[in-house]
Amino acid sequence: MTVIKIFLVEDDPDWIKAMTAYLNSEPDLEVVGAATSSHEAIEKADQLEFDVVLLDIQLTDYNEEGIYTAIELNDIHPARIIMLTSMKDESIIMQAFTAGAVNYVEKTNYKDLPHAIRSAHQHPRAMDALLKDYARLKREEQLKALTSAEREVFELIEQGYTQPQMEKKLYKTESTLKNQVNKMLKKLGVSSRKQAVEKVRRRGLLPPK
């Protein structure tokens, strides 16, 4: 029997304790670690082996911290993320999927968690295809305001090209290229090339400063 390893991220220690006992009572589920903050979750993600993350959307620092934590965790560990929520706000739920979550469960429906965990773990391929397509759509949504020339510049920046390398590749003067970069940054709502790449890579979701 395959045991599904679970990482629980929730700011309420009592809820962690109760859910750990509840999930561990299932023969094929095991909570291998828990964290009460985004910082702790990111730190532990490097040290633990897990298959599924149960992640509270509302962690302590601000209401949607769990969404940005999901993005960080996706970068560190290729696990399936299920968001835990006490909210029914559709826009928040869509942001959770944008961040890479494969499902969400309202906390009052905690009895659905074993089934949600098994489904997330057992049927990854279909969900991967959907998430990949969704990521593509979110990327296009962000880049649609760019002209073809500005998009070409963005994609070269994304690939790591320097200013002189772009000038040489595109046969453009320094002033022309700088002008296109500035227009591209303005349209993406960022102030640097690094932020532009980061924002598009993270599907438009950047945490508040």
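Contact means heavy atoms within 4.5 Å. The exercises below concern a predicted model, in which local features need pLDDT of at least 70, side-chain atom pairs count only at pLDDT 80 or more, and totals for chains, interfaces and linings use all residues. Residues are numbered from 1 along each chain as its sequence is written, and side-chain values use heavy atoms, with hydrogens and water left out.

**Exercise 1. Describe the sheet and the place of G33 in it.**

Step 1. Helices (H or I, at least four residues) and strands (E, at least two) are DSSP runs, numbered from the N terminus. Two strands pair if DSSP finds at least two bridges between them.

Step 2. The open sheet is formed by five strands in the order 2-1-3-4-5, with parallel pairing. Strand 2 (29-35) and strand 5 (103-106) are the edge strands, each pairing on one side only.

Step 3. Strand 1 and strand 3 are joined in the parallel sense over four bridges; V9 has L55 in strand 3 as its bridge partner.

Step 4. Helix 1 (residues 13-24) packs on the sheet and touches strand 1, strand 2, strand 3 and strand 4; its direction makes about 165 degrees with that of strand 2. For such values, axes are lines fitted to C-alpha atoms, for helices over the stretch in contact, and angles run from 0 to 180 degrees between N-to-C directions.

Step 5. G33 is found in strand 2. Because its relative accessible area is 14%, G33 is buried; buried means under 20%, exposed over 50%, and partly exposed in between (1.4 Å probe, protein chains only). Not counting residues up to four places away in sequence, G33 touches I6, F7, L8 and L48.

**Exercise 2. Determine the surroundings of D56.**

Step 1. D56 lies in strand 3. With a relative accessible area of 3%, D56 is buried.

Step 2. Leaving aside residues up to four places away in sequence, D56 touches V9, E10, D11, G66, L84 and K107.

Step 3. The side chains of D56 and K107 are joined by a polar contact of 3.2 Å. A polar contact is a pair of N or O atoms within 3.5 Å; within protein, one must be able to donate a hydrogen and the other to accept it, and residues adjacent in sequence count only if both atoms are side-chain atoms.

**Exercise 3. Identify the contributors to the largest nonpolar core.**

Step 1. A nonpolar core is a set of buried Ala, Val, Leu, Ile, Met, Phe, Trp, Tyr and Cys residues joined through side-chain atoms within 4.5 Å.

Step 2. The largest core has 23 residues, of which F7, V9, V53, L55, I57, I81 and M83 touch the most other members.

Step 3. At least two residues each come from strand 1 (4-9), helix 2 (38-45), strand 3 (52-56), helix 3 (65-76), strand 4 (80-85) and helix 4. Helix 3 gives the most, with five residues.

Step 4. Another core, of 19 residues, lies apart from it; I4, I16, M19 and V102 are among its members.

**Exercise 4. Classify the crossing of helix 7 and helix 9.**

Step 1. The axes of helix 7 (residues 148-158) and helix 9 (residues 174-188) come within 9 Å and cross at roughly 90 degrees.

Step 2. Angles under 35 degrees count as roughly parallel, over 145 as roughly antiparallel, 65 to 115 as roughly perpendicular and the rest as oblique. Helix 7 and helix 9 are therefore roughly perpendicular to each other.

Step 3. On the helix 7 side, A149, E150, V153, F154 and I157 meet L177, Q180, V181, K183, M184, K187 and L188 of helix 9.
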